[in-house]
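Me: Please take a close look at a single part of this model, the interface between its two chains. I would like one connected account of how that interface is built.

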Number of protein chains: 2
Amino acid sequence: MTTIDDFTAQYGLVKKIDAFGYLDWLKANPDAPRKHGKVVLVTADTPLKASRGEGKTTTTIALIDALNARGIDATAVLRQPSMGITAAGSKGGASGGGKASLTHPELIDWGLTGEMAAIAAAQNLLVSFAEKAVDDGRIDTILVPRVSEVPSRSLRSIAVDYGKGDVKERVVLTPTSELMQIVCLSRSMDEISRRVAAMIAGTKDGKPVTFGEFVDLWRITGILADAVKPALTETVNGSPVYVHGGPFANVSIGIPTLVAVEMACALHDVVIVEAGYGADAGAQKWLDIASREYGAAWPSAAVVVTRASTWRDDPELAWRYPFHVQRLENFDIPTFPLVNLWDGEDDQVPSLRETAKELEFRTPIIGNLFRDGGEALAPQLDGFVEALEAAPASAQFHSRKGMDLVENVRWIANNAYGVPAERVILKDGFAESLAEARALCDGAGISLDDLAVVAVKSPATMTDNDRAPEAERTVTLKKVEVHAGAGLVHVNLTTSLTTPMPKIV
Amino acid sequence: MTTIDDFTAQYGLVKKIDAFGYLDWLKANPDAPRKHGKVVLVTADTPLKASRGEGKTTTTIALIDALNARGIDATAVLRQPSMGITAAGSKGGASGGGKASLTHPELIDWGLTGEMAAIAAAQNLLVSFAEKAVDDGRIDTILVPRVSEVPSRSLRSIAVDYGKGDVKERVVLTPTSELMQIVCLSRSMDEISRRVAAMIAGTKDGKPVTFGEFVDLWRITGILADAVKPALTETVNGSPVYVHGGPFANVSIGIPTLVAVEMACALHDVVIVEAGYGADAGAQKWLDIASREYGAAWPSAAVVVTRASTWRDDPELAWRYPFHVQRLENFDIPTFPLVNLWDGEDDQVPSLRETAKELEFRTPIIGNLFRDGGEALAPQLDGFVEALEAAPASAQFHSRKGMDLVENVRWIANNAYGVPAERVILKDGFAESLAEARALCDGAGISLDDLAVVAVKSPATMTDNDRAPEAERTVTLKKVEVHAGAGLVHVNLTTSLTTPMPKIV
């Protein structure tokens, strides 16, 4: 009998799974035994600083260990950390910590089995092909950025053919590339191939030219052959964990690959999906992009992680955490506050519970997850498990395809950041950027309004100034960038980075 | 009982071996069963074009299949092709062809398990750290180039911090980087760490600053953890083949890793080592760098591959093939001509044998290896096997450490290219480049003359003009570049590339 093992191969200390093959096989064998796991979205309060996490991965790991300890077949799907960033030491890896750890965090943190590197090579190869297309007279302007797997301040602005053409180019971090988005959103190599073909390489006399017009697509899919396979590892307590897809919900989508989540749902009863940064970033993108537009499961429950300090101690920003919890509840997603305690914070538990009660939250889950791991959580999960069992495996939601781009962003601003339409400001130059994007799409025979909106913004803020009183908070739209292959349109908001290329700190 | 299996792990369709661990274990267990394989160097005539191989890999694969068919435990150690180049399609992979093929050439050709990518990330991370050192005022000039895994014409000359500092930088292909050289030449992670520490990051007020002065070395070795493990695959006929280390004997060393060869010698009786391009490139580097200076085995026999046409049909260049064969024989290495026939060339066998006889070669091995594989060779190998059995496992050779750099290059020109000392020309600017390199070494507390010389040159020529009459052939020295970490000094000769960064063709 065919099982998942037939799609699984050992790669050193991790396994890799041909998820495309397995999901195809399931489709062809509708009577084969499979599960219909429920998705739990683990998200967080908006972090105070971009470089500081609230502990989503630690929570995710502790949570599945706790659920497995209660006899529930639970797994997690994590995103692969940006190797260059973790190797450079400017940000922790995303592999948990302490008792809530993976068995081989160093593998996950430092390049896994070359997934990110393969995507980097493929995206850079596309740029090389675009260059050749310039030489061949097919295009005159390249629109696709190069990528780097390591952060480098000076790559924020480069010129190639220096001393000859002095062509200004962009270099972005690999996980933020359109090709990573395509890998995250596609359900087959054919779909990847189609999406790469639809990527706009550049323009000729202002008209878009796609890669499909001049690149042998098998060269790109060939490079990605192993990168499209999710990795399977486990927690130190033996709970299975899948790792696939890149981070950065601030400048990209920052969600794990859809196929990894779907495969996990066919194999386990509960699948924790971790999306990037705060609920306004990764969770918003899971709901409004992955679920609404790309058919990913609507979460059956959500956990919003915070630290004891983040959500209470800064009065100006204290509105954010309850806002996130309430927003998810408004979608009928049972949403559980989870406070990830640091050392020395145990005595705060009573007051934390008091605040949660005042805010009319569900009973919060509270623990020092680094120190105690899943053990700290297991006894607190009765309500969570009950809510999860009661929730449907999927829920109704509506595509927003075809809605005018600015209307769509206004809806996001209102819904996800609490800023009403009239306080969404179009910055000077935005209209021109929008018109250019619209013309580019028209030239490529697609509609800009059919692309899913990726809000590009600082991970640490939802509005132009989160510290302003509610009635004065605004969201400014700065510019638009089309990712036609991925089916996405980036809209830069508020204090977004212009180039997602950090420096080493 | 401990065996090689204890150091071996499956990585998808290939295995990877902890060669450092195995060789350490052998050292600690001198009585453990092991072989003392003899190394056979497979090299070739100087190719007519840089992009055209004579069929070294095809020959290597056919040869080990033929030896195994004769009951001899033979393996090969191949270099990993430059993934970007093969994916871009501008050059064939290096995984043989037809009946003389590997089981999974696409894996070898397109990134294997991320080895090249890890080296790229680590070298680029060093540049990022150097950048930070500039910000911190530790250095004012970066000397280490960035690397790219894909070819890109426009990267030959770039400026970073464009519009602010406009700092000119170099980007080279990953396999040509100093870090790849370090991986090829090192026998332990400690040695890699020491060598990375000794790499000159840049200068401050003209004085060299090494990476050891400001980089946490574990960050670099962490990235390389899997990349230092040779891959094990096999031919379609089941002969084992190890793949490890990067190509490009024109602009770098272009030899497989020393540990892969040494591990193979402990496990097999005959180990075919393939070095890059012609005998004047990879073979010269194996002998004069790997063997003389880094303790690699001196070959017990050599095979010099050519095509039926290359060595005869261009009268001006016909001197090169016999020159290569004779040169290796002069080192007392039994050297076998091997003619790799193309389709339609079978009728040339008698005349090829005649020419070989006139040139007083050993009986040549001749076959259409793509079409017939090892079968075509097995019956012709009596003389080869006899010579190999008679040859010592190792031979005497002398280090040239301490010899004046220019004297050393003159010796190479005379010995490997047939150009006497008086026709070695120092180009304008060479003396300054040499003086700078010497000052840099002095500042770093090492002697330039202790570094092994890497002749950087076109793969298609040995002299300034190979078509000139012998008495008029010259070699011009153009510039010098120190790779202190690898223990190498590059000297650019004749028509060498200034930037090893091809364009897509």
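Reply: A polar contact here is a pair of N or O atoms within 3.5 Å; within protein, one of them must be able to donate a hydrogen and the other to accept it, and residues adjacent in sequence count only if both atoms are side-chain atoms. The model is predicted. By that criterion, 27 residue pairs, both members at pLDDT 80 or more, are in polar contact between chain B and chain A. On the chain B side, the elements that give two or more residues to the interface are β1 (8–11), α3 (83–88), α5 (115–135), β9 (158–160), β10 (167–169) and α8 (217–223). Of these, α5(B) provides the largest share, with 9 residues. By character, the chain B residues that touch chain A comprise 21 nonpolar, 12 polar and 11 charged.

Charged pairs also link the chains: 4 salt bridges are counted between chain B and chain A. One of them joins B:D135 to A:R153, with the closest N and O atoms 2.7 Å apart.

Backbone pairing crosses the interface as well. Strand β9 of chain A, residues 158–160, pairs with β9(B) in the antiparallel sense over 3 bridges. Within this pairing, A:I158 has B:V160 as its bridge partner.

As for overall extent, 44 residues of chain B are in contact with 44 residues of chain A. The area buried between the two chains is about 3900 Å², and carbon and sulfur atoms give 60% of that area. In chain B, the residues that lose the most area to chain A are B:W110, B:R153 and B:Y162, which together account for 17% of what that side buries.

Definitions and conventions
Residues numbered from 1 in each chain as written. Chains lettered and ligands numbered in written order. Predicted model: local features only at pLDDT ≥ 70, side-chain atom pairs only at ≥ 80, totals over all residues. Heavy atoms only, no water. Contact = heavy atoms within 4.5 Å. Buried area = accessible area lost by both parts, 1.4 Å probe. Salt bridge = Lys/Arg side-chain N within 4 Å of Asp/Glu carboxyl O. Helix = DSSP H or I, 4+ residues; strand = E, 2+ residues; numbered from the N terminus. Nonpolar A, V, L, I, M, F, W, Y, C, P; charged D, E, K, R; others polar. Pairing = 2+ DSSP bridges.
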